[in-house]
Amino acid sequence: MAKVKVRTGKRFRAKRAENHYDTIVIGSGIGGLANAAFLSLLGKKVCVLEQHYTAGGYTHAYEREGYEWDVGVHYIGEVHKPSTLRRVFDVISEGRLDWAAMDDEYDRVVIGDHQYSFVAGRDNFAKMLIENFPAEEKVIYKYIELIREVSRYTPKFFAGQGMHPWLASAYNKVRPFIVPKVFFQTTREVLENLTQNQQLISVLTGQWGNYGQAPADASFLMHALIAKHYLAGGAYPVGGASAIARSIIPTIQKSGGEVFTYADVDEILIKNNRAYGVRMADGHELTADNIVSNAGFYNTVKKLLPQDVQNRLGVDDWCQQVQRSSAHLCVYAGFKGTAEELGLTSTNLWLYPSGDHEGNLAAYKADPKAEFPLVYISFPSSKDPDWDKRFPGKSTVEIVTPAKMDWFKEWEDSQWQKRGESYEALKADFTERLLEKLYERHPQLRGKLDFCELSTPLSTNWYQKNSAGEMLALDHFVDRFKKPFLHPAMPVKGLYMTGSDVMTAGVGGALMGGLMTTCTMQGRKAGAVMKLLKNYQEEVSRDIEAEQHTIPQT
Ligand SMILES: Cc1cc2nc3c(=O)[nH]c(=O)nc-3n(C[C@H](O)[C@H](O)[C@H](O)COP(=O)(O)OP(=O)(O)OC[C@H]3O[C@@H](n4cnc5c(N)ncnc54)[C@H](O)[C@@H]3O)c2cc1C
């Protein structure tokens with residue numbers, strides 16, 4: 001079998017690009033790719049410009065020493081079943097992207113000495129909780145109903161993101177009367193209204209790493225979206241994370257567009273309050289009717305907008321009203337032996353020293369030598385059914401924990417592999433402590449490590465062009481969802497934002513950001529986008545029906 005290339009996209013060269021496109025998308029995260037693919041399916045010529053050496057943003061994968069790891073796709077919910085998310089992926093990849101369901105036990109939450117298995121399916125989830133908290137049965141069902149209710153109202157909550165900004169602003173004023181009030185409360189507030197059982201709250205929030213904030217700070221909306229997202233289990237892209245970009249890029253190329261890598265954009269060109277192009281870091285200029293930024297809110301407003309436009313819009317004031325999400329550390333480890341030989345499954349591990357998520361996080365942020373408040377361990381090679389064909393006799397593990405950019409600030413201006421002994425010593429210490437967490441759960445792996453390296457917030461800054469190593473773009477605090485400047489249409493004609501910052505973090509959230517931005521760009525013709533999804537649904541139903549007709553009746 002020919003080995004697929006993990007790098008996706010085409011290296012930018014001025015002569016490979018056209019001078020003018022219908023739309024230029026800055027950044028090739030899943031939000032940018034989705035937006036570009038939808039526009040391409042509507043017949044537009046779209047140019048995606050990605051500064052990194054490969055496309056995909058956080059959905060990219062990388063190779064080192066004969067191993068491959070994903071960086072921001074550990075598992076995705078809802079895509080292994082018929083769902084809106086799956087339909088969107090199918091449409092933009094034109095059916096080229098396959099998903100593999102993980103083991104039924106997709107997450108295992110370990111709090112101190114207690115272990116809780118999150119098994120796919122609402123009933124299994126309820127059963128596990130009731131077995132552990134029999135006196136809380138009513139609360140547990142109420143909680144499950146509440147996250148389903150949030151999910152039902154979510155399209156109404158985010159409807160303004162697909163509207164013209166002035167309509168969105170009017171709509172968002174009446175929104176509190178349309179959606180339940182839990183949409184405007186923190187996770188802890190809502191859960192403590194349901195129960196005073198702190199251990200149960202700790203278990204229910206045992207996936208808080210997926211939204212990057214402890215329950216007292218995270219909006220309940222974000223918590224509920226994540227909880228619901230994984231309720232039916234997790235899935236992984238067949239062929240690894242890079243399969244996501246690889247499957248979407250041909251859709252963009254078919255309409256004459258391209259996804260360029262090594263394509264660092266320096267500035268969005270604006271004249272008379274209209275965006276008309278971009279200037280690349282090498283000085284090259286490209287023009288387009290519309291410019292979309294998938295580079296994240298901070299990058300867009302503080303780095304890409306010209307200074308006079310920043311001053312006129314008052315972006316410094318906007319930046320005061322939001323905050324960046326936490327940075328992280330990740331050990332990327334490679335082991336000799338297949339998953340079977342090493343006794344590894346696809347179940348993710350969430351390890352907590354105790355149920356006091358807020359206290360543990362605060363103690364660690366004050367002192368990095370304190371206990372890790374959360375260690376998340378993923379086994380990517382066990383999730384990809386294609387892995388053994390691509391990397392026979394090998395397995396991979398990723399170990400993630402939060403981090404502060406401040407701990408690494410002094411090396412910010414130094415170069416990779418030339419940061420000096422004290423940096424390497426700090427990394428070695430974190431690596432050893434994180435590997436120890438893995439060995440505590442999987443002692444059979446001791447002595448079998450073949451390769452490992454640690455990424456720090458400096459790595460994230462480098463491959464994402466972030467400034468604070470933030471892993472989930474903006475934080476998901478309650479008021480974030482009321483900010484009018486986090487709308488896909490920016491107050492400059494022809495300029496849009498997309499990806500997680502216009503919806504929520506997570507591959508699914510950013511993907512829906514791509515869809516909402518396309519709807520906003522289409523304005524009155526937004527129905528055409530919905531038609532793409534509807535037509536696809538009808539096509540699938542026809543195929544299923546045809547298949548059923550060909551099944552011999554017994
Ligand atoms: C460690 C980790 C684990 C995660 N695990 C999961 C998971 O299991 N499941 C899940 O659903 N989500 C997960 N996520 C979150 C998810 O990956 C992201 O929220 C999502 O992919 C963000 O997509 P986006 O479209 O907002 O853009 P991003 O992926 O943030 O992409 C932005 C792109 O813009 C580019 N860019 C920036 N500036 C410029 C410029 N000037 N010129 C050109 N290009 C530029 C960047 O290089 C980048 O490629 C994880 C994230 C991390 C960090």
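Let me start with a term. A residue is called buried when its relative accessible area is under 20%, exposed when that area is over 50%, and partly exposed in between. Keep those cut-offs in mind. One more point up front: this is a predicted model.

Now, cysteine 47. Is it buried or exposed? Its relative accessible area is 0%, so cysteine 47 is buried. It sits in strand β3, residues 46-49. Its neighbours in that strand are covered too. Val46 and Val48 are buried on one side of β3. Cys47 and Leu49 are buried on the other. So both faces of this strand are covered, given that buried means under 20%.

What does β3 pair with? Take strand β2 to begin with, residues 20-26. β2 and β3 run parallel, with four bridges between them. Threonine 23 has valine 46 of β3 as its bridge partner. Helix α1, residues 30-41, belongs to this picture as well. Together β2, α1 and β3 form a β-α-β unit, and that unit is right-handed.

Then there is strand β11, residues 258-261. β11 is also parallel to β3, and three bridges join the two. Back to our cysteine: which residue of β11 stands opposite cysteine 47? Glutamate 258 does.

Staying with cysteines. How many disulfides does the structure hold? Zero. As a reminder, a disulfide is a covalent bond between the sulfur atoms of two cysteines. Look at cysteine 452. Why does cysteine 452 have no such bond? The closest cysteine sulfur is in cysteine 330, and it is 10 Å away, too far for a bond. The cut-off used here is 2.5 Å between the sulfurs. Cysteine 452 is partly exposed, because its relative accessibility is 25%.

On to the ligand. There are 35 residues around it. Which come nearest? Glu50, Gln51, Gly72, His74 and Ser500. Several helices contribute to the shell. α1 supplies at least two residues, and so do α10 (297-304), α18 (457-464) and α19 (507-522). Note that α1 is the helix of the β-α-β unit I just described.

Now the polar contacts to the ligand. I have three to show. Glutamine 51 uses its side chain: an N or O atom there is 2.8 Å from an oxygen atom of the ligand. Tyrosine 75 uses its backbone: an N or O atom lies 2.9 Å from a ligand nitrogen atom. Valine 507 also uses a backbone N or O atom, 2.8 Å from an oxygen atom of the ligand. And how much of the ligand is covered? Taken alone, the ligand exposes 1,000 Å², and the protein buries 95% of that.

Next, a small sheet. It has three strands, in the order β6-β10-β7. The sheet is open, and the pairing is antiparallel. β6 (76-77) and β7 (99-101) are the edge strands, each pairing on one side only. Between β6 and β10, residues 234-237, there are two bridges. Isoleucine 76 pairs with alanine 235 of β10.

Two backbone angles deserve a look. Glutamate 78 lies in the loop between β6 and α2 (84-93). Its phi is near 70°, positive in a residue other than glycine. At a relative accessible area of 25%, glutamate 78 is partly exposed. Asparagine 272 is the other case. It sits in the loop between β12 (265-271) and β13 (274-280). Phi is about 50° there, again positive, and asparagine 272 is not a glycine. Is asparagine 272 buried or exposed? Exposed, because its relative accessible area is 71%.

Two helix residues to finish. Threonine 251 is in helix α9, residues 242-254. Threonine 251 is buried, since its relative accessibility is 2%. Where does its side chain reach? To the backbone oxygen of isoleucine 92, at 2.7 Å.

Leucine 426 is in helix α17, residues 421-441. Its relative accessibility is 24%, so leucine 426 counts as partly exposed. Leucine 426 and glutamate 137 are 289 residues apart along the chain, and their C-alpha atoms are separated by 46 Å.

Conventions: Residues are numbered from 1 along each chain as its sequence is written. This is a predicted model: local features need pLDDT of at least 70, side-chain atom pairs count only at pLDDT 80 or more; totals for chains, interfaces and linings use all residues. Side-chain values use heavy atoms; hydrogens and water are left out. Buried means under 20% relative accessible area, exposed over 50%, partly exposed in between (1.4 Å probe, protein chains only). Two strands pair if DSSP finds at least two bridges between them. A crossover is right-handed if, with the strands pointing away from the viewer, the path from the first strand over the helix to the second runs clockwise. A residue is near a molecule or strand if one of its heavy atoms lies within 4 Å of it. A polar contact is a pair of N or O atoms within 3.5 Å; within protein, one must be able to donate a hydrogen and the other to accept it, and residues adjacent in sequence count only if both atoms are side-chain atoms. Accessible areas come from the Shrake-Rupley method with a 1.4 Å probe; for residues, only the protein chains shown count as cover.
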